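Subject: Structure for your files

Hello,

I am passing on the structure we discussed. Please find it below, followed by my notes.

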Amino acid sequence: MAGAVTRRLSPHRGRRNTAVLFAIATLGAGIVAGLSSAADQTATDGTSSVLDDSLILAAAQRSIEEQGQRDAARQTSAARADRAESRESYRDLSASEALDTDRRELPQVVTDPAFRPFRPDPGADVERYRDGDTAAVIETAEGEHVVAESDLPLRGITAAGDRSLVDLSLEDHGERFIARSTAVRASLPDELGAGAKLPYSVFWSV
């Protein structure tokens, strides 16, 4: 996300947003219900289901094959050597030294990150958040009221459970690193081989 989109506040926008969201939710519920009904019908009377569509099955098979190729590529000696070298590159580095290494080794990631957290302009104050924290009503330094909107939440939750602007800077919590404020709480171990931790006790190793 390059950033939140800002527009002047319209007194009727909130009602329109509510109507649009309700329509989307109703449509989504109808689609899910339709798919469930189709799957149930297939199970009971043997008729074909939308999930049996050849294009859907072909896409699913391609996805499985591509994942297999990625897994195989990770197991090559060259890939293992690259990961070992990466681990050594950051060993015992301070945060600033690690950032310097990132700038040297991964310039495209540092200079053009995929995500830039929302920050109000200097002198502006957020009056309130709405729409699941994906929008914020802001009073600018000039006294105008505008709305910043995003596809992603503008606020997250800190380790202490407080609401705060999204901040992906990592903090050391003993054996794990946790971002300061995120929409979904997650953590990384100090040894990446131990796996990342997501809600519902989901882990994956790198």
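Starting with a single bridge: Arg128 has Val137 in S3 as its bridge partner. The two strands involved are S2 (residues 125-130) and S3 (residues 135-139), which pair in the antiparallel sense over 5 bridges; pairing requires that DSSP finds at least two bridges between two strands. The hairpin of S2 and S3 leaves 4 residues between them, and in its turn Asp131 has a positive phi of about 55 degrees.

This is a predicted model, in which local features need pLDDT of at least 70, side-chain atom pairs count only at pLDDT 80 or more, and totals for chains, interfaces and linings use all residues. Residues are numbered from 1 along each chain as its sequence is written, and side-chain values use heavy atoms, with hydrogens and water left out.

A second hairpin joins S7 (residues 167-173) to S8 (residues 176-181), again antiparallel and with 5 bridges. His173 is bridged to Arg176 in S8. There are 2 residues between these strands, and Gly174 takes a positive phi near 80 degrees.

For the protein chain as a whole, there are 5 helices and 11 strands (DSSP runs numbered from the N terminus: helices are H or I of at least four residues, strands E of at least two). Of its 206 residues, 17% count as buried, meaning under 20% relative accessible area with a 1.4 Å probe, protein chains only. Among contacts (heavy atoms within 4.5 Å) with a separation of 6 or more, 28% are between residues 24 or more positions apart. The exposed area is about 14,500 Å², with 56% supplied by carbon and sulfur atoms; areas come from the Shrake-Rupley method with a 1.4 Å probe.

Regards

Terms used
Buried < 20%, exposed > 50% of the residue type's maximum accessible area, 1.4 Å probe, protein only.
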